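Colleague: Could you take me closely through one part of this model, and then set that part in the context of what surrounds it?

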Amino acid sequence: MRLFEVYPLFNVEPVEADGCLVYDRQHTAYLDFYGGHAVISIGHGHPHYVERVTEQLGKLGFYSNSVPITIQKDLAHKLGEVCGYYNWNLFLCNSGAEAIENALKVASAYNQRKKIVAFDGAFHGRTSLAVAATHNPDILFPVNEGAEVVRFAFEDFEGVEAELKKGDISSVLIEGIQGVAGIIEPSADFLRHLRTLCDETDTILILDEVQSGFGRTGRFFAHQHAFIQPDIITIAKGMGNGFPVGGIITHPKFEAKHGMLGTTFGGNHLACAAALAVLEVIENEKLIKNAANVGNYLVEALKKIDEVKEVRGRGLMIGAEFGFPVADLRKRLLYEQHVFTGSSSNKNIIRLLPPLNITYKEADQFIDSLKEALK
Ligand SMILES: Cc1ncc(COP(=O)(O)O)c(C=O)c1O
């Protein structure tokens, strides 16, 4: 059997990793400013993470959600404590797209409506409702066309208001900071406007924090910079530091009913051990503060580079926009400077999503490599 080839690949295969570095078979080190697409939050191979997951595997790797799973409750408790949503509820699944599907379902179960408001540039995943809410016709197929999605430009205050006031929108779905689109942040005013409108019209506000959550932006969730509370928050990526785990955090007003949602693998023992290890390391090593500090440092350094036209983002979710397509620059960074970076749907943008424990030294190393690659 061969692979169903859907990914354009870089010609480097990491086979080992440590912290912010990944190594190929020849043991060449690469600086990881991509984090496997914002997934590596506490660094590769963190000893506490390895120990906790290994210990759990030695005890019990998996049993289904038909039995009590104490480690799920431990995770919910710890997550509530670290993110500040103490009295909210957690449903665990396996990926970001699944989190979106479940969030949209909970919203629809609550207000018995089916339309979704989503935004230009949005990326929410590739399953049926998630891909319908995503703004990319190239990954949408006839089978995905059932969902009723009404799309607006970011910051279209009036458009969204008029739509919500019709009273038939189930939920508004918005990323804390748009990642795939090239690091586009909704203004605090726009988020507050959405909050007020959702309250007035019994519409559910869903914040997609799959990429921007878990401390990446210098707060636990990106929307916390705007001091608003959504009704449902979706999480994944950095949550497991590479272990597939996702979830939704729901306001106490949503009532869970047996059978309403479900999953075989979601919330399994190993996934919970991984997510708990991530939260413990984030807390013990003050990684949210580190993300804010090193992120600011990187942004300031990037702004001093002539070829960089604009720098956007918060913490360690950064987009550097150039006046030209960056595909060749990213190749030079990888093959000559040995640095992994991310792309975006805007061809002129390099997306930086390094582990939250990068050091100032590694930030300097990245800036030096970028300057070399630009020569
Ligand atoms: C904001 C956002 N939401 C949802 C997803 C989908 O997550 P997954 O690939 O785990 O299904 C992604 C993935 O890139 C994302 O960036």
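What follows is a walk through the smaller of two topics I have in mind, the sheet of three strands and the helix lying across it, and then the rest of the chain.Modeller: The model is predicted, and the part I would look at is an open sheet in which the strands are ordered β11-β12-β14 with antiparallel pairing. β11 and β14 stand at the edges and have a single partner strand each, so one side of each is left without a neighbour in the sheet. Averaged over neighbouring strands and ignoring direction, the turn of one strand against the next is 15°.

The pairing can be followed strand by strand. β11, residues 308–314, and β12, residues 317–322, run antiparallel and are joined over 6 bridges, and Arg-314 is found opposite Met-317 of β12. The hairpin that these two strands make has 2 residues between them, and Gly-315 there adopts a positive phi near 55°. On the other side of the pairing, β12 is joined to β14 by 4 bridges, again in the antiparallel sense, and Glu-321 has Ile-349 of β14 as its bridge partner. When looking along these strands, it helps to recall that side chains in a regular strand alternate between the two faces of the sheet.

Helix α9 lies across β11, β12 and β14, and its direction makes an angle of about 170° with β11. Contacts beyond the sheet involve Tyr-360, which lies in helix α11, residues 360–374. Leaving aside neighbours within four places in sequence, Tyr-360 is in contact with Val-294 and Tyr-297. Tyr-360 counts as partly exposed because 13 other C-beta atoms lie within 10 Å. The C-alpha atom of Tyr-360 is separated by 46 Å from that of Glu-145, a residue 215 places away along the chain.

To place this part in the whole, the protein is divided into domain 1, covering 16–46 + 286–374, and domain 2, covering 47–284. The centres of the two domains, taken over C-alpha atoms, are 25 Å apart, and the contact between them takes 27 residues from domain 1 and 29 residues from domain 2. On the side of domain 1 that touches domain 2, at least two residues each are supplied by α1 (35–38), α9 (287–303), β11, β12 and β14 (349–352). Of these, α9 gives the most, with 5 residues. Sorted by class, this side of domain 1 has 13 nonpolar, 11 polar and 3 charged residues.

A second open sheet has 7 strands in the order β4-β10-β9-β8-β7-β5-β6, and its pairing is mixed. Its edge strands are β4 (89–93) and β6 (149–152), each of which pairs on one side only, and the average turn between neighbouring strands, direction ignored, is 20°. Within it, β8 (residues 204–208) and β9 (residues 232–235) pair in the parallel sense over 3 bridges, with Asp-208 standing opposite Thr-234 in β9. Helix α7, residues 188–201, lies across β7 and β8 and runs at about 145° to β8.

Finally, there is the ligand, which is surrounded by 14 residues, the closest being Ser-95, Gly-96, Ala-97, Gly-125 and Val-210. Helix α4, residues 96–111, gives the most to this shell, with 3 residues, and by class the shell has 6 nonpolar, 6 polar and 2 charged residues.

Definitions and conventions
Residues are numbered from 1 along each chain as its sequence is written. This is a predicted model: local features need pLDDT of at least 70, side-chain atom pairs count only at pLDDT 80 or more; totals for chains, interfaces and linings use all residues. Two strands pair if DSSP finds at least two bridges between them. Domain bounds come from an automatic or database domain assignment. Two residues are in contact if their C-beta atoms, placed from the backbone, lie within 7 Å. Ala, Val, Leu, Ile, Met, Phe, Trp, Tyr, Cys and Pro count as nonpolar, Asp, Glu, Lys and Arg as charged, and the others, Gly among them, as polar. A residue is near a molecule or strand if its C-beta atom, placed from the backbone, lies within 6 Å of it. Axes are lines fitted to C-alpha atoms, for helices over the stretch in contact, and angles run from 0 to 180 degrees between N-to-C directions. A residue is buried if 20 or more other C-beta atoms lie within 10 Å of its own, exposed if 12 or fewer, and partly exposed in between; C-beta atoms are placed from the backbone.
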